[in-house]
Amino acid sequence: MPQHLAIIMDGNGRWAKNRGLPRSAGHREGAKAVKRVISSCLDFNIPILTIFAFSTENWKRPKNEITYLLKLFERVLSKEKANLIKNNIKINFIGRLNDLPNSLTEKMKELHESTKKNNKLILNIAINYGGRAEIIDALKSITLKIVEKKLNIEEINEDTIRDNLYTHNLPDPDLLIRTAGEMRISNFMIWQIAYSELWVTPVLWPDFDKTNFIEAIRSFQKRVRKYGGKM
Ligand code: IPE
Ligand code: IPE
Ligand code: MG
């Protein structure tokens with residue numbers, strides 16, 4: 001079993017378009033797929049799930065879509081709070097969280113606080129997240145440590161970078177799933193996925209179900225991970 005599963009949830013817009021519906025309908029349906037995937041992780045004892053909810057590049061979208069998405073996050077977080085607690089899920093957020101609307105960050109803080117002792121599943125939500133922004137932020141905190149003479153340049157190694165990423169307390173993803181068929185990373189966890197196994201499916205995110213989930217896990221289980229070494 002992968003210990004850390006990461007997902008680029010893509011295809012909400014296409015799902016809606018195929019049905020002649022507004023993109024918002026795709027996002028709403030996508031939220032249901034998130035519930036399904038959380039339940040699959042609980043069933044299969046996968047301890048860490050990271051989902052890409054909103055990227056630093058998604059601000060390029062029309063204002064009404066952005067507003068809808070941010071409100072949807074707020075609504076879902078409130079509505080699911082009790083369920084998340086009941087299922088012993090710990091919620092964590094990664095991204096430039098300070099640039100999100102206050103009402104949303106309040107909900108996020110509250111949910112993080114009230115689930116921090118839970119330990120069945122870590123649900124890591126990437127929101128206003130960009131892999132490059134994360135590396136820039138890491139670089140800033142490393143530079144500050146050098147300026148303050150808490151760190152020597154010669155000491156910088158992979159662990160220094162890792163320890164300054166938003167994901168500092170998490171292992172790298174073992175498996176990265178992308179739905180909706182695009183063969184690209186779209187600025188997601190670019191440092192952490194250096195050796196993750198990739199699985200791309202044409203299935204659109206709102207349609208992603210338990211069968212697709214099992215298919216991805218089966219594929220992962222057949223992979224031979226070499227990390228550049230010899231098997
Ligand atoms: C993924 O679906 C959801 C977010 C990026 C927030 P999209 O909205 O990107 O759906 P497509 O790619 O337009 O189909
Ligand atoms: C990636 O999907 C971001 C999220 C899933 C939140 P996008 O739809 O934004 O990616 P591109 O634009 O197709 O690369
Ligand atoms: Mg997309």
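Here is a short chat between a trainee and a mentor about this predicted model.

Mentor: Ground rules: it's a predicted model, where local features need pLDDT of at least 70, side-chain atom pairs count only at pLDDT 80 or more, and totals for chains, interfaces and linings use all residues. Residues are numbered from 1 along each chain as its sequence is written, chains are lettered from A and ligands numbered from 1 in the order in which they are written, and side-chain values use heavy atoms, with hydrogens and water left out.

Trainee: Why is Ile66 called buried?

Mentor: Buried means under 20% relative accessible area, exposed over 50%, partly exposed in between (1.4 Å probe, protein chains only). Ile66 has a relative accessible area of 9%, so it counts as buried. Ile66 sits in helix 3; helices are DSSP runs of H or I, at least four residues, strands are E runs of at least two, and both are numbered from the N terminus.

Trainee: What is Ile66 in contact with, leaving aside its neighbours within four places in sequence?

Mentor: Phe54, Asn58, Trp59 and Arg61. Contact here is heavy atoms within 4.5 Å.

Trainee: How do you know that the span of helix 4 agrees with its number of residues?

Mentor: The expected span is 1.5 Å times one less than the number of residues. Helix 4 (residues 102-115) has 14 residues, so it should span 20 Å, and its end C-alpha atoms are 20 Å apart, which agrees.

Trainee: Why do we say the buried residues of helix 4 line one face?

Mentor: The buried ones are Leu104, Thr105, Met108, Leu111 and Thr115. Seen down the axis, they fall within an arc of 125°, so they line one face of the helix; the arc is that of the directions from the helix axis to the C-beta atoms. They pack against helix 3 (63-86), strand 3 (89-94) and strand 4 (121-129), while the face turned away carries exposed Asn102 and Lys109.

Trainee: What makes a set of residues a nonpolar core?

Mentor: They must be buried Ala, Val, Leu, Ile, Met, Phe, Trp, Tyr or Cys residues joined through side-chain atoms within 4.5 Å. The largest one has 39 residues, with Leu5, Ile7, Leu49 and Leu123 having the most contacts inside it. A second, separate core of 12 residues includes Phe52, Ile94, Tyr166 and Leu176.

Trainee: What makes the Asn58 pair with ligand 2 a polar contact?

Mentor: The cut-off is a pair of N or O atoms within 3.5 Å. A polar side-chain atom of Asn58 lies 2.9 Å from an oxygen atom of ligand 2, so the pair qualifies. For Arg184, the side-chain N or O atom is 2.8 Å from a ligand 2 oxygen.

Key: A polar contact is a pair of N or O atoms within 3.5 Å; within protein, one must be able to donate a hydrogen and the other to accept it, and residues adjacent in sequence count only if both atoms are side-chain atoms.
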